[in-house]
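Subject: Structure handover

Hello,

Here is the structure we spoke about. Please look it over; my notes on the chain contacts follow below.

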Amino acid sequence: MFESILFYTLAAFILGFGVLVVTARNTVHCVVFLVANFLCVAMIYVMLGAEFLAIIQVLVYAGGIVVLYLFVVMLVNLKRGPDAAPDRRRQSRVGFVLAAVMLAEISAILVYSAARPASAVAAAAATPLQTVGNTEVVGMLLYTDYLIPFEVASMLLLVAMIGAILLAKKEI
Amino acid sequence: MPAWLPPPAVLAHLGLILVVFNMLVLSAAFMVWMERKVCAYIQDRNGPNRVGFEGVLQPFADVIKLLFKEELRPKAADALLFAIAPVISAAAAFAAFAVIPFGTSTTLWGLLDQPIPLQVTDVNVAVLVIFAITSMGIYGIVLAGWSSNSKYSLLGGLRSSAQMISYELSYGLALAAVIMLAGSLSLREIVLNQAGTWWGFIPRWYVFLQPIGFLIFMTAGVAETNRAPFDFPEAEQELVAGYHTEYSSMSFAMFFLAEYVNMVTVSAVATSLFLGGWLGPFLPDWLAWVWFLVKVFLILFFYVWMRWTLPRYRYDQLMEFGWKYLLPVAVLNLLATAALILWIG
Amino acid sequence: MTPITPYHYLVLSAALFMLGVIGVMTRRNIIIIFMSIELMLNAVNINLAAFSQQLHNAVGQVFAIFVVAVAAAEAAIGLGIILAFYRNKETLNIDEMNILRW
């Protein structure tokens, strides 16, 4: 009961803030709604027993990446946003149509899979829940089985850092 | 006890939340008084001495004055963001304290069947929670700076966020070294790991194992809370009052409160991680929180002392110090700690 | 009320993903398009976490962390490009980002 209330409230907030991100006129407002959205998603992770992921979501996403967005929005500080310019080729209508097609596709998949639940899923749910701290489990996986992807990710971040410096510097 | 009441444990927990909240507000008020008093003595003055004994009630008089002031908002300000920015600041400051333990557990003189720990909640990722909530506090400052639509506010907000992001790295690396030593992310376990003494007289506090980490943490903590000598966001001589230039009345009071509560939180984290939290000799278990308060206020006194002793740096010096000196030292400290743990076992 | 199953999370994630798609398709401010992409990445992460809980296997969370790392790299590079573009053309309109389209 409590879980249901929590889930539906959080889902309403997530989707509400999502709508606001997509529709808000002011870009800074968009960023703020995005942060609120991410915080609600972090709470969904806590509900799913992924505490470490929830913290990473707040720390890296909401506290790091979105601050970057906020910086850029403030630095650029447009008087008149691009969405105020006339939409000559009516692209946003085409966009809505494409999005509707995709919505139909995804809902078809959802309805289809709800009608036929996979058997493997039911079998796995029977195994006992792990009670070890979530951080330890994720850490063990990251540093053993997924060590190479982890290193690749760190390389990616290094390359991105150098690339961002190159792009942002006026003269090298 | 009537049946419609929630179980005593729940009531006790709610009471605990209330106590922690009020303790934070009172600590912040006391801190304001201490700051003015210490500053006055350093400058050979008397400081506030009219309201209450030696001016102890001065902060409350200030708050009442602020409450009755007019709430001003610049015409060109963004109404929504201007209103929520101080709320974000204050909420982030208070929320971080929820995971900090300040004493052993208590049964309230036998009132409860199960003892409750003196801590709002003991999550197993407590250190990261504090870190994450601190990073949320940046939004209050940046949004205040932007939404005021004033150049001083904007410059203050940008400086502050750049400073906080830069120093958060060193702060996090200093934390990581302690986490490696303790092998846990729960603050309660980290504190309990510091129990006992070496050779009977040196307490097993991590400050003795991590002296460099402690220094890095304290330096980064000063920068994180925007205190002198790193108080660029509100450098009076350059930026009027930085990000809260345009704020008045209660919204200003909220920024003010947030700043002081943040200092209390940083000191409490430093106490738990490096100075053994509530552990100390002579006092019985149920009075252990006195040690916690003593340690926290010693660190706070150190902050005040530093503010009125050291001049402000230049902004580029701050950034250079953070990235070119503090961060490499923090990384080396972390590597050395890891190597030593592997070597000694 | 029915108990919350992974299916609920999938529906939520699909809806969030759709919002992202609509944002990318209809907005013309490049920064907002980037933010919509972040929404979509979050929807994917909800899926990964939900499956990870259902299968009692933390690999889903590990992959979600990789997604976050990639999102960080993407934001750094993307915002760098946006700033460089803004310096040259003084606009953020994605319709005018066509100087490579010849």
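**Chain A and its partners**

In this predicted model, 15 residues of chain A are in contact with 17 residues of chain B. Two helices of chain A, α2 (27-47) and α3 (51-76), each supply at least two residues of the side that touches chain B. α3(A) gives the most there, with 10 residues. By class, that side of chain A has 11 nonpolar residues, three polar and one charged.

Now the other partner. Contacts join 69 residues of chain A to 61 residues of chain C. Many helices of chain A take part. At least two residues each come from α1 (2-23), α2, α3, α4 (91-115), α5 (119-125), α6 (134-143) and α7 (147-168). α3(A) gives the most to the side of chain A that touches chain C, with 12 residues. That side divides into 56 nonpolar, 11 polar and two charged residues.

Which chains share the most contacts? Of the two pairs of chains in contact, it is chains A and C. Chain B and chain C have no contact with each other. Their closest C-alpha atoms lie 15 Å apart.

**Domains of chain A**

The domain assignment splits out domain 1 (1-81) and domain 2 (131-172) in chain A. The C-alpha centres of these two domains lie 22 Å apart.

To recap: α3(A) gives the most to the side of chain A that touches chain B, and α3(A) also gives the most to the side that touches chain C.

Best wishes

Notes
Residues numbered from 1 in each chain as written. Chains lettered and ligands numbered in written order. Predicted model: local features only at pLDDT ≥ 70, side-chain atom pairs only at ≥ 80, totals over all residues. Contact = placed C-beta atoms within 7 Å. Helix = DSSP H or I, 4+ residues; strand = E, 2+ residues; numbered from the N terminus. Nonpolar A, V, L, I, M, F, W, Y, C, P; charged D, E, K, R; others polar. Domains from an automatic or database assignment.
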